Amino acid sequence: MRRLRPSSEAEMVALFLRTELPAARFRDTLRALLDQAGLPDHVITDPNLDDPAENQARAQILTRHRGYGTRTELFEGVPRDVRWEWMAITPGELATVRYIDYDYWVELSGGTRLAAEAAPRIRAGVAPFGVSSDWALGLAQAFADGARFPPLILVTTGLSDDLVVLEGHTRLTAYMLCPDRLPPELEVLVGSSPGMATLAGLGRRVG
């Protein structure tokens, strides 16, 4: 991977929420949390990272949504000393990124937690726990047709260690279904900390 520029915890939180807000699975929940907090949509859709009050509000929403501040749910095992950086990752490096240790993703990848291993299983019609994998084929086709997705959020114990996807499991899967359509490098947000050693079991929910 190639370092591009430093980032911040506030930028990670903003990207996470901005990516999940349009998703059908999360839209209603996040809009309800905004309403309860009396906050306008632009706090998520057009974040001002220079506003400490906005940053705090987004962190509180992500805590209620995904357990961020309490380090529970998806963020269980994520330390508080994470260094966030924007990185450029090659398709080959992307193929080594692992899913979180969540039953669905483990089953989809045949126990490897690698999206690259999930891809041929999806094309063969695998349906973990009876759930069709057609969503992945559809998303991959959209990418091949020119759709562009938000950056992935990855975590690691160190920039030379194994990477785990914290947010973007579906997009990572789509990429591995059509790796020939990937550019030479993709921009990703990477969080690193020696305390991320528990990432082998990071989270228990879909990201």
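Helix H1 covers residues 9–20 (helices here are DSSP runs of H or I, at least four residues, numbered from the N terminus). Its 12 residues should span 16 Å at 1.5 Å a residue, and its end C-alpha atoms are 17 Å apart, which agrees; the expected span is 1.5 Å times one less than the number of residues. This is a predicted model, where local features need pLDDT of at least 70 and side-chain atom pairs count only at pLDDT 80 or more, while totals for chains, interfaces and linings use all residues. Residues are numbered from 1 along each chain as its sequence is written, and side-chain values use heavy atoms, with hydrogens and water left out.

Within H1, the buried residues include Met12, Phe16, Thr19 and Glu20 (buried means under 20% relative accessible area, with a 1.4 Å probe and protein chains only).

Thr19 leads us on to Arg171, which touches it along with Leu139, Phe149, Pro150, Pro151 and Leu152, not counting residues up to four places away in sequence (contact means heavy atoms within 4.5 Å). Arg171 sits in helix H9, residues 169–177, and is buried, with a relative accessible area of 7%. A polar atom of its side chain lies 3.0 Å from the backbone oxygen of Pro150.

Now follow H9 to its partner, helix H8 (residues 134–144): their axes come within 8 Å and cross at roughly 70°. Axes are lines fitted to C-alpha atoms over the stretch in contact, with angles from 0 to 180 degrees between N-to-C directions. H8 and H9 are therefore roughly perpendicular to each other, a label for angles of 65 to 115 degrees. Among the residues that meet here are Trp135, Leu139 and Phe143 in H8 and Arg171, Ala174 and Tyr175 in H9.

How values were computed
Helix = DSSP H or I, 4+ residues; strand = E, 2+ residues; numbered from the N terminus. Buried < 20%, exposed > 50% of the residue type's maximum accessible area, 1.4 Å probe, protein only. Polar contact = N/O pair within 3.5 Å; in protein donor to acceptor, adjacent residues only side chain to side chain. Parallel < 35°, antiparallel > 145°, perpendicular 65-115°, else oblique.
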